[in-house]
Amino acid sequence: MDSTAEIIRKQVETELHGSVTIIVLGASGDLAKKKTYPALFGLFRQGFLPEKTHIIGYARSQMTHEDYLDRITQYIKTKNDETNQLLDKFKLITSYQSGLYDQDDSWKVLNQCVSQSEQQRQIETGKKHRVFYMALPPSVFVSVAKGLKKNVYSSEGVNRLVVEKPFGKDTQSSNELGREISALFKENEIYRIDHYLGKEMVKNVMMVRFANIFFNQIWDRKYIDNVQITFKETIGTEGRGGYFDQFGVIRDVMQNHLLQVLSLIAMERPISTESEDIRNEKVKVLKCIPPIVLEDALLGQYIGANGKPGYLEDDTLSNKQSRTPTFAALTLWIQNERWEGVPFIMKAGKALNDAKVEVRIQFRNVAGSLYKGSPRNELVLRVQPREAVYVKFNNKQPGLSYQTIQSDLDLTYDNRYANLDIPDAYSSLLLDVLKGDHSNFVRNDELEQAWKIFTPLLHTIDDPSVKVPITTYPYGSRGPAELDQFIKRYGYDRANENYVWPVQSLTSNTSSPSSPPKL
């Protein structure tokens with residue numbers, strides 16, 4: 001019986017007939033060197049790239065071949081001599097071509113470079129497949145797509161265009177961008193990448209929901225009281241304030257990453273695991289979410305503390321009166337039979353006390369409970385760090401006592417699985433591109449529905465005449481002081497005084513090596 005790795009290799013070989021040319025556009029940029037090339041090397045190391053693969057970097061920067069190799073490998077980690085040897089082999093299958101993004105002559109030179117490579121690899125007609133990865137700012141998406149379609153598009157194989165976020169800044173700009181790119185490439189050729197869909201625990205949501213009968217049967221408003229989706233970063237903008245100020249935390253994280261997680265948590269069961277069936281259900285549930293109103297929002301901006309500068313003190317920030325949120329807590333409502341009345345609370349912020357991403361599903365109180373005051377059950381999916389699924393449940397305190405204490409059933413991956421090697425999200429998604437699997441990519445109508453939920457609120461925040469309330473919070477804190485009250489308003493019950501993680505002492509309900517982390 002074939003191993004999982006062998007099955008994947010055969011899928012890629014069958015899909016691409018053993019050959020592909022991957023063109024990384026923006027190869028001199030940070031995204032390419034930090035994410036794209038390390039992900040490609042990860043696939044190469046595992047043998048998931050077709051045998052006749054060549055990677056061509058394209059950017060405006062003038063670089064020698066050696067400079068190019070130094071740049072794209074500086075973030076690739078090698079653990080031993082074997083990995084170093086593989087990196088040397090990886091360098092042999094990549095080359096660089098400089099050129100402009102808005103001139104046909106430059107694109108024609110790139111096409112000649114690709115064609116020569118295909119000829120050298122003796123790729124047959126009909127198997128000259130090309131993947132275009134746009135590691136570029138959105139300002140050049142359309143001009144690059146036009147140049148590719150006119151000059152580099154393969155007429156003798158499949159073409160795939162990978163587009164990085166942001167996909168516009170609101171409904172109108174996103175739709176305009178979508179129309180222009182869709183006029184050049186077919187929808188099944190476009191892969192709108194949201195790297196959170198490549199994270200292990202996000203990909204596990206469907207398995208948890210639909211492969212376990214006990215979760216499947218209680219996944220609705222009758223049993224679930226509230227859902228929280230949390231994204232916390234310990235760093236501030238740190239030299240990226242000028243870029244961040246154009247978008248803010250809602251556009252940067254919530255409209256895309258966190259909403260994608262929400263759609264997987266809330267969607268109905270698809271009729272199959274085929275990509276279009278999954279994406280159909282995601283679109284359906286997004287259509288049930290009305291636009292977020294200001295009354296369901298708590299916005300914040302961090303100020304200097306603990307020796308760290310505030311957001312407005314970032315040297316790269318030109319607008320020193322900026323009201324761009326660096327923290328937001330937003331409550332969304334899903335108006336359908338399954339979720340009517342259940343608040344979905346998104347929280348995201350920079351310069352906070354902890355770095356983590358998690359989904360926390362809190363169930364309702366036990367009706368007519370014999371054990372009054374027992375805390376609610378919770379299911380937590382920790383996306384990062386240290387992937388885990390755990391259930392908080394009530395248990396008799398061991399020993400002579402009949403007191404109820406809260407404990408957990410804990411599946412922390414690196415405790416449970418030997419030889420754990422979870423691939424980077426970008427590696428996972430690039431593998432999906434090679435396999436032609438759209439399941440973990442955003443479809444055009446899905447993107448439009450996502451923007452409809454957020455655009456009215458974003459326009460209100462952006463309108464200087466409205467003066468939307470934005471509170472401040474110290475760098476390194478949990479966020480705005482109003483956060484606990486905001487969450488409590490939507491029914492979250494923090495009755496977990498007897499819960500201590502990870503190890504609880506039975507000599508006292510309060511003595512422990514550590515206190516439970518607040519959310």
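This is a short dialogue on reading features of a predicted protein model.

Reader: What kind of model is this, and how are the residues numbered?

Author: It's a predicted model, where local features need pLDDT of at least 70, side-chain atom pairs count only at pLDDT 80 or more, and totals for chains, interfaces and linings use all residues. Residues are numbered from 1 along each chain as its sequence is written, and side-chain values use heavy atoms, with hydrogens and water left out.

Reader: How many helices and strands does the protein chain have?

Author: Helices (H or I, at least four residues) and strands (E, at least two) are DSSP runs, numbered from the N terminus. Here you get 17 helices and 16 strands.

Reader: What does the radius of gyration say about the protein chain?

Author: You take the radius over C-alpha atoms and set it against a globule rule, 2.2 Å times the number of residues to the power 0.38. For 519 residues, a compact globule would come out near 24 Å, and the protein chain has 25 Å, so the two agree. If you prefer a box, the C-alpha atoms fill roughly 75 × 65 × 45 Å along the principal axes.

Reader: And how much of the contacts in the protein chain comes from residues 24 or more positions apart?

Author: Contact means heavy atoms within 4.5 Å. Taking contacts with a separation of 6 or more, 77% come from residues 24 or more positions apart.

Reader: What share of the residues counts as buried?

Author: Buried means under 20% relative accessible area, exposed over 50%, and partly exposed in between (1.4 Å probe, protein chains only). By that cut, 52% of the 519 residues are buried. As for the surface, areas come from the Shrake-Rupley method with a 1.4 Å probe, and for residues only the protein chains shown count as cover. The accessible surface is about 24,000 Å², with 49% of it belonging to carbon and sulfur atoms.

Reader: How many positive and negative side chains are there?

Author: Lys and Arg count as positive, Asp and Glu as negative, while His and the chain ends are not counted. Each charge is placed at NZ of Lys, CZ of Arg, CG of Asp or CD of Glu. The protein chain has 65 positive and 64 negative side chains, and the centres of the two sets are 2 Å apart.

Reader: What is the count of disulfides?

Author: A disulfide is a pair of cysteine sulfur atoms within 2.5 Å, and the count here is zero. Looking at two cysteines, Cys113 is buried because its relative accessibility is 18%, and Cys288 is partly exposed because its value is 23%.

Reader: Which residues have a positive phi although they are not glycine?

Author: Among them are Asn306, at about 55°, and Ala351, at about 60°. Asn306 sits in the loop between strand S8 (297-303) and strand S9 (327-333), and with 68% relative accessibility it counts as exposed. Ala351 sits in the loop between strand S10 (343-349) and strand S11 (356-363), and at 0% Ala351 is buried.

Reader: Where is the peptide bond that is cis?

Author: Check omega: the bond from Gln384 to Pro385 is cis, with omega near -10°. Pro385 belongs to the loop between strand S12 (378-384) and strand S13 (388-396).

Reader: Is Met267 buried or exposed?

Author: Buried, because its relative accessibility is 0%. Met267 is in the loop between helix H12 (248-266) and helix H13 (275-287). Skipping neighbours within four places in sequence, its contacts include Met206, Phe210, Ile278 and Val285. Sequence and space are separate readings: Met267 and Tyr311 are 44 residues apart in sequence and 37 Å apart, C-alpha to C-alpha.

Reader: What does Leu457 contact?

Author: Leaving out neighbours within four places, Leu457 contacts Ile250, Ile292, Leu294 and Leu330. Its C-alpha is 6.5 Å from that of Leu294, though 163 residues separate them along the chain. Leu457 lies in helix H16 (residues 444-462) and is buried at 2% relative accessibility.

Reader: Where is His17 found?

Author: In the loop between helix H1 (4-16) and strand S1 (19-25). At 42% relative accessibility, His17 is partly exposed, and among the residues it touches are Lys127 and His129.
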